[in-house]
Amino acid sequence: AGSGLITMAAAASAQLSLTVGDPDDRGVFGHIMACVFTPPAMLGTPELSLLMAWKARGGGVHQDPFVVLSSAASHKVVFICHSFSEFPTPAMSALGFGGVPAASPPDGTAATPTTTTRNVDCLGIRTFTWMQDCILANRELDLITRPLIYSPAPTAEGIVGLRGRMSVAVTGFRDAERVDVIRLVRITGAEYVGYLTPRQTHLICADPQSKKYVQAKRWGVRVVSVLWVKHCITNWRPMDEKEFLV
């Protein structure tokens, strides 16, 4: 499915300047208007192909929040971006979001407008990963299923102190759970690698019987649970590993 989306985008490269349009209620996402805050220059093939797939399934796409909200009587609105740093502060205030949170909200409350004078059913601020998973599932997904992944981080550059300094491997996770752990690592700005060498700084471990765990202990690589990376994201700073050692 992913390669098909990219092929679709490549075939229409001349038209990939973020075409806007209203929801089409004949499609599965015909009840949702997605307002994209990521600047057009930062939208690459993956994002543009997702937006094309979203529109192909009836979803609306726009870039002006005030136009979106003024015409949102019959559909839900969701704001899409990579990080809160892409979300203009004046727009946030005008829409009732109350400013950029200090950290990615673990329960989604900070990504939902607290007050608004408009009669709008707002889903809040979501990531492109949320849009991708909705498309793959062919239905609207709740924030609660993956709050740290579907809520934008404060910045796209990652956490100071982890970005460019940490190299992380994982062990003991399977399928969708493994994908989510890798996503979390990348949100922090740390390097993810699919193997383990003495060069890695951390091993996120769900199986203390695995070969990677044994080697990590031998090499002095710090072995932590996935709660460590989740707490780093929630607090948006490096957390002491002592409470999360495996």
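**Exercise 1. In which helix does D175 lie?**

Solution. This is a predicted model, where local features need pLDDT of at least 70, side-chain atom pairs count only at pLDDT 80 or more, and totals for chains, interfaces and linings use all residues. Residues are numbered from 1 along each chain as its sequence is written, and side-chain values use heavy atoms, with hydrogens and water left out.

- Step 1. D175 lies in helix α7. Helices (H or I, at least four residues) and strands (E, at least two) are DSSP runs, numbered from the N terminus.
- Step 2. Its phi is near 50°, a positive value in a residue other than glycine.
- Step 3. D175 counts as exposed because its relative accessibility is 66%. The cut-offs are under 20% relative accessible area for buried, over 50% for exposed, and partly exposed in between (1.4 Å probe, protein chains only).

**Exercise 2. Check the span of helix α7, then find what its buried residues pack against.**

Solution.

- Step 1. α7 covers residues 175-188, which is 14 residues. The expected span is 1.5 Å times one less than the number of residues.
- Step 2. That gives 20 Å; the end C-alpha atoms are 21 Å apart, so the two agree.
- Step 3. The buried residues of α7 are D180, V181, I182, R183, L184, V185 and T188.
- Step 4. They pack against α5 (128-137), α6 (147-150), β5 (167-171), β6 (191-192), β7 (202-205) and α9 (226-235). Contact means heavy atoms within 4.5 Å.
- Step 5. G189 follows α7, and its phi is positive, near 90°.

**Exercise 3. Which residues have the most contacts inside the largest nonpolar core?**

Solution.

- Step 1. Define the core: a set of buried Ala, Val, Leu, Ile, Met, Phe, Trp, Tyr and Cys residues joined through side-chain atoms within 4.5 Å.
- Step 2. The largest has 48 residues, and V36, W54, I80, W130, M131, I204 and W228 have the most contacts inside it.
- Step 3. Elements that give two or more residues include β1 (32-36), α2 (45-56) and β3 (76-80), along with α7.
- Step 4. Take I204. Leaving out residues up to four places away in sequence, its contacts include V181 and V185, as well as V168, V226 and V229.
- Step 5. A second, separate core of 12 residues includes F37, L69, C122 and I125.

**Exercise 4. Trace the strand pairing around β3, ending at I125.**

Solution.

- Step 1. β3 is mostly covered, with 4 of its 5 residues buried.
- Step 2. β1 and β3 run parallel, joined by 5 bridges. Two strands pair if DSSP finds at least two bridges between them.
- Step 3. I32 has K76 in β3 as its bridge partner.
- Step 4. β3 also pairs with β4 (residues 122-126), in the parallel sense, over 4 bridges. Here F79 has I125 as its partner.
- Step 5. I125 is buried, with a relative accessible area of 0%. I125 and F37 are 88 residues apart in sequence, yet 9.7 Å apart in space, C-alpha to C-alpha.

**Exercise 5. Is N138 buried, partly exposed or exposed?**

Solution.

- Step 1. N138 lies in the loop between α5 and α6.
- Step 2. Its phi is near 60°, a positive value in a residue other than glycine.
- Step 3. N138 counts as partly exposed because its relative accessibility is 43%.
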